[in-house]
Amino acid sequence: MKKKFKINGVIFYPGAGILLALILYGFLFNDSFVRIMTAAYNAVTDATGWFMMLVTGLILILCFVVCFTPLGDKKVGGPNAQIKHGMFTWVAMVTCAGTATAVVFYAVGEPIGYFHNPPAWWNMEPETMDTAVRALSQSAFHWSFIYYAMYAFWGLICGYMIMNHKLPPRPSSALYPILKDKAFGPIGKVFDVVALLGLVGGMVTSLGLGVQQFAAGLDYVFGIAPSNFVYIVTLVVVICSFTFSSLRGVKKGMAIISNANAWIYLAVIAFLLIAGPTIFEFKIFTQVVGEMFTRFIPNITAADSFNVGDGWVQNNTIFYVAWIMAYAPLMGVFQGKVAVGYTWRRFLLVNVLGPGIFNVVWFVAFGGNAIYLDAFEGATLGQEIAEGGIPIANYALLNYMPLSVIMIPLVVAALFFGFITLADAMTGTLAKMTIKTSREDEEEEAPMLMKVIWGALVGVDTFLCLFCLGSVGTGALQFMSVVFGLPIFIVTLCVICKLGKICSGKLDKEIEALSPAEKEALYEGKMFNTIAQKQIPKAEGVSISASTDE
């Protein structure tokens with residue numbers, strides 16, 4: 001029998017309502033919407049970009065520090081938790097869900113762009129060896145270790161509070177170490193809505209980018225020119241696919257797709273390394289790794305106070321970390337869910353090092369090949385991408401390589417499955433956090449109807465952005481997502497201040513000391529002073545009641 005469920009209206013209605021209102025406002029007042037979002041984005045990234053970068057660097061360091069604390073030995077889900085997903089499937093899910101469309105989208109376009117047109121603040125000549133290494137290392141810096149450290153940190157905090165202490169499956173549960181039961185009051189509800197808006201805004205823009213690149217792939221493979229009709233059909237197919245996958249649950253849907261996608265990624269990388277300039281790629285990979293280590297501090301603290309780069313740091317590095325942080329709380333909820341049974345030490349190492357190393361290799365395989373072709377083979381990839389846009393970048397590279405008729409469809413498939421994996425994970429997480437849960441359905445999937453609702457909302461928003469607002473409107477929504485990243489950074493810093501309490505076990509003792517009624521209130525997401533009076537079982541003819549009004 002299907003269980004009835006109740007919508008958590010305090011989170012669902014404000015989140016969905018604000019999102020649809022913003023899109024409707026953008027549709028009716030396009031210029032005003034773009035102007036407001038752009039102004040907010042510029043103000044946030046210019047004034048607080050330095051803060052975002054420092055917190056990002058601190059997060060990466062703390063992910064490794066926590067591995068040496070007592071928390072590292074504890075299991076995700078508690079001492080008796082059993083592993084639900086094998087190592088390969090687990091790594092495939094966290095890598096593919098995080099990689100999604102962005103890493104595929106920028107794999108060639110970003111490094112080849114830096115190689116031919118290095119940012120002014122680098123003070124480097126274009127198309128030199130040093131510039132090639134710097135271009136690849138900068139791209140890998142953006143999309144590897146700092147990227148996944150943000151997810152892993154929120155996975156640690158959310159996962160520990162949700163999976164180990166049975167708090168509600170919402171980002172606000174991560175606020176408990178700071179606010180205790182007040183995390184489930186107005187502050188927590190607002191934070192849940194902000195995390196929801198940031199995530200959906202990021203998903204919509206990722207889907208918009210993915211649809212454009214997917215359409216470009218269809219043009220390369222079948223000669224079908226990109227058009228609104230192609231975009232609509234692609235969007236419908238993608239939305240139906242990730243919604244269907246989400247309906248099948250993690251084991252029968254996402255796990256299978258992630259495994260398939262992981263093998264596609266590995267096959268593509270192996271092909272690029274073997275069919276391309278193999279020795280060159282191994283050499284430049286070694287240089288890129290060294291460059292990433294030596295330039296980590298300068299990169300993570302690059303604030304460009306004199307604006308030598310004319311806003312480059314603000315519109316690239318800061319933009320990326322704020323965009324990723326918008327995903328982090330809800331991605332963290334998902335990561336905690338699929339890691340049950342593993343230790344927190346392994347959780348952090350797998351979620352940071354595994355995907356991080358993979359993405360460095362990914363950018364060297366794609367970007368290194370592109371740079372080699374332009375530098376030594378007389379190719380014109382840089383010019384082609386400048387004229388045709390980043391969506392064609394990967395296909396332009398593969399056109400220069402053997403077996404392009406096989407490899408281009410394979411990359412199109414990787415792009416398609418990549419977004420399905422991300423959207424599947426996030427649709428299920430959104431659905432779970434916007435319903436009222438109880439201890440009985442703790443391990444169950446979110447209701448199908450809620451998954452369909454969130455899949456449809458993401459699809460409708462993407463449709464409106466692409467076809468009503470155009471690329472400018474899509475960018476404005478992406479700016480909105482970045483703006484929502486700021487309060488998440490502020491909350492992250494507050495959580496960091498309480499990290500010692502979590503790692504030392506003091507928080508565990510505090511929660512263990514709570515009364516049964518208080519623990520039940522925590523799981524239901526209620527403040528202690530909202531617990532109704534509970535009747536104590538009657539003794540022989542004696543009526544005894546106790547107030548739990550703390």
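This passage describes the fold, two helix pairs, the nonpolar core and several single residues of one protein.

The model is predicted. Its secondary structure comes to 21 helices and 2 strands. The protein has 550 residues, and buried residues make up 60% of them. Contacts reach far along the chain. Among those between residues at least 6 apart in sequence, 81% join residues at least 24 apart.

Helix 1 and helix 2 were examined as a pair. Helix 1 covers residues 9–28 and helix 2 covers residues 30–65. Their axes come within 5 Å and cross at roughly 125 degrees. Helix 1 is therefore oblique to helix 2. An angle counts as oblique here because 125 degrees lies outside the ranges set for roughly parallel, roughly antiparallel and roughly perpendicular pairs. On the helix 1 side, the contact involves L22, Y25, G26, F27 and L28. On the helix 2 side, N30, S32, F33 and I36 take part. By class, this contact has 6 nonpolar residues, 3 polar residues and no charged residues.

Helix 5 gives a second case. This helix runs over residues 129–143 and has 15 residues. From its first C-alpha to its last, helix 5 reaches 22 Å. That is close to the 21 Å expected at 1.5 Å a residue. Helix 5 is also mostly covered, with 13 of its 15 residues buried.

Helix 5 packs with helix 13, which spans residues 312–338. The angle between them is about 30 degrees, and their axes are 9 Å apart. The two helices are therefore roughly parallel to each other, because angles under 35 degrees count as such. Helix 5 contributes Q138, F141, H142 and W143 to the contact. Helix 13 contributes W312, N316, T317, Y320, W323 and I324. The contact of helix 5 with helix 13 divides into 6 nonpolar and 4 polar residues, with no charged residues.

The largest nonpolar core holds 196 residues. W143, W154, W362 and W454 touch the most other members of this core. Helix 13 supplies the largest share of the core, at 17 residues. W143 thus appears twice in this account: it is one of the core residues just named, and it is one of the helix 5 residues that meet helix 13. The contacts of W454 were also listed, leaving aside its neighbours within four places in sequence. W454 is in contact with F12, A16, L196, V200, T427, L430, A431 and T434.

Three residues within helices were then considered. D192 is in helix 8, which covers residues 186–222. D192 is buried, because its relative accessible area is 0%, and buried means under 20%. Beyond residues up to four places away in sequence, D192 touches I11, R170, P171, S172 and M433.

T95 is in helix 3, at residues 87–106. T95 counts as buried because its relative accessibility is 7%. T95 touches Y148, P355 and F358, again not counting residues up to four places away in sequence.

V483 is in helix 18, which runs over residues 448–497. V483 is partly exposed, with a relative accessible area of 22%. That value falls in the partly exposed class because it is not under the 20% limit for buried residues. V483 touches A40, Y41 and V44, with residues up to four places away in sequence not counted. V483 and G198 are 285 residues apart in sequence. In space, V483 and G198 are 8.1 Å apart, C-alpha to C-alpha.

Two loop residues have a positive phi. Most residues other than glycine have a negative phi. N123 has a phi near 55 degrees, a positive value in a residue other than glycine. N123 is found in the loop between helix 4 (109–116) and helix 5. N123 is exposed, because its relative accessible area is 68%, and exposed means over 50%.

K166 also has a positive phi, near 60 degrees, and is a residue other than glycine. K166 is found in the loop between helix 6 (145–164) and helix 7 (176–179). K166 is partly exposed, with a relative accessible area of 24%.

Methods
Residues numbered from 1 in each chain as written. Predicted model: local features only at pLDDT ≥ 70, side-chain atom pairs only at ≥ 80, totals over all residues. Heavy atoms only, no water. Helix = DSSP H or I, 4+ residues; strand = E, 2+ residues; numbered from the N terminus. Buried < 20%, exposed > 50% of the residue type's maximum accessible area, 1.4 Å probe, protein only. Contact = heavy atoms within 4.5 Å. Expected span 1.5 Å × (residues − 1). Axes fitted to C-alpha atoms, helices over the stretch in contact; angles between N-to-C directions. Parallel < 35°, antiparallel > 145°, perpendicular 65-115°, else oblique. Nonpolar A, V, L, I, M, F, W, Y, C, P; charged D, E, K, R; others polar. Core = buried A, V, L, I, M, F, W, Y, C linked by side-chain atoms within 4.5 Å.
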